[in-house]
Structure formats: structure tokens, C-alpha cells
Amino acid sequence: MDLDSEHRTAPRHVRSRQRDAHEDSLKLAPDPGYPGRMASRGRARREIERRDAIFRAGLATADVIAAVGSLVLVGLVGGGRSDWLGLVAVPLVVVGGKLKGLYDRDEVLINKTTLDQAPELFQLATLYTLLVWFFDVLAFDRPPTARQLALLWGALFVLTVAARRLARWVSRQLSSVERCLFVGSDESFMRLQAKLEVHDDRAQLVGRMSIIEPESESESESDVVSHADQLDQLIDDLLVHRVVIEPNEASPQLTLDFVREANTTGIRISLLPRILEVVGSSIEVDDIDGLTLLGVRPFGLTRSAKILKRGFDILGSGVGLSVLAPVIGLITVLIRIDTPGPVIFRQTRIGRDGEPFTMLKFRTMTDGADTQKRALLPMNQADGLFKIADDPRITRVGRTLRGLSLDEIPQLVNVWRGDMSLVGPRPLVIDEDARILGLDRRRSHLKPGMTGPWQILASSRVPLAEMVKLDYLYVANWSVWADVKILVRTLPYILARRGM
């Protein structure tokens with residue numbers, strides 16, 4: 001494929017059904033690192049195999065190190081005498097991980113995260129602990145103590161999560177960024193590109209290709225869809241590692257044929273079904289004699305789920321207020337010394353089912369800052385929300401509190417009262433909530449949260465329309481584990497001084 005030597009990132013089109021002239025359906029994305037010449041056939045597939053091998057080896061090594069490390073820790077801290085015998089079970093950790101698909105998952109996904117696998121890793125730690133206990137019972141008259149087993153169990157889980165996260169980071173450094181070819185509309189291409197730019201070390205889009213429909217009845221779909229050899233050539237031209245396909249709603253059969261052809265190339269395949277923008281992952285796969293159906297769970301929480309979530313909130317807010325009591329006292333003193341005015345800022349927000357409530361925060365602005373908001377509207381930097389990077393109303397102490405999200409601590413009182421939840425949709429002020437219409441208002445089915453999916457994506461960069469969709473999907477897919485993951489993922493943003 002020829003590229004302009006001066007503008008290597010210039011848009012270019014390729015028409016799939018013309019073998020000699022690739023044009024009209026491929027749009028190249030900015031890719032300054034591309035060498036501008038055809039790569040040898042099969043180079044992309046060799047690179048994929050190399051990437052997969054690096055990730056598999058890294059994860060297996062991480063599991064072995066975690067297993068050995070947990071045994072050593074038990075021997076040093078727990079007073080264990082049989083840690084050497086537990087080494088016999090170490091290879092079984094890798095075998096168990098393989099049986100659970102913990103080494104094959106990364107090759108299927110772009111977003112290779114460790115936290116999503118935590119439940120499976122917990123089960124693996126449980127299995128390994130039972131095996132060590134079994135070997136000790138066979139070899140010694142006395143089995144290990146409950147304290148030793150609990151230490152081994154907890155240590156293995158924590159060390160495995162930490163080691164796997166490190167292994168994935170190292171693997172990304174040792175392998176090239178995953179290069180993706182998008183097959184679908186330009187609108188979806190731009191949305192995916194914006195998402196990937198947030199984490200540019202995971203993947204990059206190097207091109208866009210359209211699935212062309214037949215122009216006449218005499219043309220069969222197989223004439224229009226790229227044949228495997230043509231798709232191979234395009235993949236080698238752009239050094240593609242993954243093909244992301246958006247189903248063609250106008251011609252489902254065309255999409256099916258294209259997916260089948262793309263799957264024969266050896267390149268990784270990802271699908272972008274629009275229906276999941278509504279139901280998210282709240283689906284169950286149903287097989288009826290080879291015909292696959294997707295069962296969609298009812299929207300919202302059951303009565304038992306609401307009780308469970310409320311119990312989680314009471315426990316979390318109670319512990320948080322107890323542990324942070326000294327910090328609350330210190331912040332109170334600092335605010336009083338810094339500027340005149342109340343310590344606590346009270347503001348009306350919209351809560352569950354549209355009911356207003358008074359949200360509490362430590363005051364981070366000069367007293368009466370709300371009266372200055374209208375004059376600062378021209379400086380607003382967010383879409384649909386009011387956000388100013390260097391808001392002149394923020395005090396010296398307030399800037400530090402916001403950077404570390406410490407100004408949100410009083411919301412634990414809101415959680416304890418039942419006005420808010422630890423995790424939930426973003427609490428909006430009245431004028432922002434008034435902009436949300438139609439089915440999007442179902443986001444208010446749950447209480448607003450101190451943190452949520454909008455927070456871990458850096459809230460100031462998420463426009464209102466996108467935030468509403470994130471909140472809707474959170475409600476549709478709620479689980480206790482989802483709340484735990486969001487709470488854990490919020491911590492790095494706080495430490496990185498990305499305030500709410």
C-alpha cells in the first residue's frame with residue numbers, strides 16, 4: 001500500500017471488492033510510527049504470537065512467584081514447618097490457572113486487567129491452600145494450624161493479584177502496542193479512538209474499513225466482502241494485530257460472513273455490538289440446540305440486593321468515619337484558620353428517584369462562591385457540567401483537599417443517613433439534572449454515590465451525555481463485586497491528585 005511520503009497519516013480509502021486498487025473504504029488513523037512500506041506476509045501474525053507468549057509466560061511466572069512467596073511468608077511469620085512441602089503443589093497453581101482460562105483471557109481482550117479476575121484468583125488461592133493442607137496431613141501427624149492456613153490463603157491471593165498486575169505491566173513494556181483495524185462506521189471509529197487515547201499504552205487504531213453492501217442483485221455478498229487472502233494483505237500492510245468489527249445492522253449476513261473470514265486469518269477479533277450499550281454485561285448466554293440467545297436481566301435491584309447494598313454502605317461509612325475521625329478534626333482546624341466561613345458546605349443535589357437532598361462537603365471555596373458562578377460560566381471547560389481547572393474561588397487549603405478528594409469525606413455522613421451510597425450515579429445539582437431526559441433518567445433508580453464509574457474515568461473529561469450512559473449501565477449491571485472494583489480503582493485517581 002502506498003502512503004504519502006510527506007503525510008503518512010493522511011486519510012486513505014480501500015474498496016474491499018477491488019483487488020488491484022484498495023480505495024474508498026479504508027481510512028487511516030494517525031500513526032507516525034508506521035514505516036510506510038509493506039511488511040512481509042505473516043509478520044503481523046508472528047507479532048501476535050510473540051505478544052501472547054510474553055503475556056502467558058509473565059502471568060505463569062507471577063503465579064509461581066506468588067505461591068512460593070506465600071509459603072515463605074507462612075514459614076517466617078506463621079511459624080510453619082512444612083513450607084518446603086507446599087512447593088510440591090506450586091505447579092498445580094499453574095495447572096489450575098490454565099484450567100480456569102487465566103492465561104488465555106488476555107489474548108481475547110484489549111483491556112487486560114487483573115482486578116476483573118480477582119474472583120477466579122480467590123478460588124485459585126482457596127484450591128492451593130486446600131492442597132497444601134492435604135499434603136501436610138499426609139506427611140505429618142499434625143496438620144497446619146488455622147492461623148497458618150489463613151495466612152497462606154490471604155497472602156497467596158494478595159501476592160497473586162499484585163504479581164499479575166506487575167507482570168502485565170512488564171509484558172506491555174516488552175511488547176509493542178496492539179494495532180487495531182476498525183471495521184464499521186466513522187462515528188464508532190471516532191468514539192473508540194477517543195476511548196483508547198485515554199490509555200494509549202494498550203492499543204491504537206491504525207485504520208478504518210467499511211463493509212460494503214452489494215450494489216446489485218447480480219453481485220453476491222462473497223464478491224463484496226474481502227476474501228481471506230485480500231484481508232490478509234491488508235492486515236500485513238498495516239501490521240494489524242486485532243480487527244474490531246461493528247455489526248452492519250442493514251445486512252447481518254454480510255457481517256457474519258466477514259467475521260468468519262476474518263477469523264481464518266489468525267488475527268485477534270473483537271466485536272462492537274451496539275445492543276450492549278443498553279444492557280451492558282447484564283446478560284446470560286442461553287443455548288437452544290445450537291441457537292444462541294442472550295437473556296437480559298431485569299433493570300434495577302431486587303429487594304434483597306437493595307438490603308445488601310445498604311448494609312455495605314452502613315458498614316463502609318461507619319468504618320470510614322471512625323478511621324478518619326482524626327483527619328476530620330485536622331481539616332476542620334485548617335479550614336477555620338485559612339478563610340472565614342463555615343467548615344461544611346451544604347448544597348442541594350438530586351438523589352434517588354429525583355428526590356432532592358442536602359449533600360455535605362468540606363468547604364473548599366470562599367464563602368458565597370455560588371453567587372459568582374454565573375459570572376464564571378464563560379470559563380466552563382466541561383460539556384454539560386460546570387468545571388474550571390483553575391477556579392479562582394478555590395482557597396489554598398481547598399485546593400489540596402480537592403486534589404486528594406478529602407473534601408468528600410463528610411459525604412460519609414450522607415451515606416450513613418441513607419441519602420447517598422458509597423458507589424453510585426454522580427450526584428447532580430438541580431440545573432444539571434434538569435438536562436437529563438427520557439430513559440436516561442432511570443440512572444436515578446439508585447442513590448447517588450461518593451464515587452462511581454464516572455470518577456474512575458476522570459470525571460472532568462467525561463461529558464454529561466457520556467456520564468449519563470455510564471450511570472445507566474452501572475445501574476443495569478450492579479453487583480457487590482462491581483462496587484468493590486470501583487472503590488479499589490478510585491484509590492489510584494485519588495493518589496494521582498485527580499479530584500472529583
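The following exchange between a visitor and a guide examines a predicted model.

Visitor: What kind of model is this, and from which number are residues counted along each chain?

Guide: This is a predicted model, in which local features need pLDDT of at least 70, side-chain atom pairs count only at pLDDT 80 or more, and totals for chains, interfaces and linings use all residues. Side-chain values use heavy atoms, with hydrogens and water left out, and residues along each chain, as its sequence is written, are numbered from 1.

Visitor: How many helices and strands does the protein have, and what percentage of its residues count as buried?

Guide: Helices (H or I, at least four residues) and strands (E, at least two) are DSSP runs, numbered from the N terminus. The secondary structure comes to 18 helices and 11 strands. Buried means under 20% relative accessible area, exposed over 50%, and partly exposed in between, with a 1.4 Å probe and protein chains only. Of the 500 residues, the share that counts as buried is 44%.

Visitor: How many residues of strand 2 are buried, and which of them point the way opposite to E178, C180 and F182?

Guide: Strand 2, residues 178-183, is mostly covered, with 6 of its 6 residues buried. In a regular strand, side chains alternate between the two faces of the sheet. Here E178, C180 and F182 point one way, and the residues that point the other way are R179, L181 and V183.

Visitor: Which residue of strand 3 stands opposite V183, and how many residues of strand 3 are buried?

Guide: Two strands pair if DSSP finds at least two bridges between them, and 6 bridges join strand 2 to strand 3 (residues 203-209), the two running parallel. The bridge partner of L181 in strand 3 is G207, and V183 stands opposite M209. Strand 3 is largely enclosed by the rest of the structure, because its buried residues number 6 of the 7.

Visitor: Which residue of strand 4 stands opposite F182?

Guide: Strand 2 is also joined to strand 4 (residues 242-245), by 4 bridges, and these two strands run parallel. Opposite F182 in strand 4 stands V244.

Visitor: How are helix 10 and helix 11 oriented to each other?

Guide: Helix 10 (residues 303-323) and helix 11 (residues 325-338) pack at an angle of about 60°, with their axes 4 Å apart. Axes are lines fitted to C-alpha atoms, for helices over the stretch in contact, and angles run from 0 to 180 degrees between N-to-C directions. Angles under 35 degrees count as roughly parallel, over 145 as roughly antiparallel, 65 to 115 as roughly perpendicular and the rest as oblique. Helix 10 and helix 11 are therefore oblique.

Visitor: Which residues of helix 10 and helix 11 make the contact?

Guide: Contact means heavy atoms within 4.5 Å. On the side of helix 10 the contact is made by L321, S322 and V323, and on the side of helix 11 by A325, P326 and I328.

Visitor: Which aromatic residues are linked into a cluster by ring pairs?

Guide: Rings of Phe, Tyr and Trp (its six-membered ring) pair if their centres lie within 6.5 Å; planes under 30 degrees apart count as stacked, over 60 as edge-to-face and the rest as tilted. The count comes to 3 aromatic pairs, among them the tilted pair of F122 and W153, 5.5 Å centre to centre with 35° between the planes. The rings of F122 and F157 have centres 5.6 Å apart and planes at 85°, so this pair is edge-to-face. The cluster thus linked comprises F122, W153 and F157.
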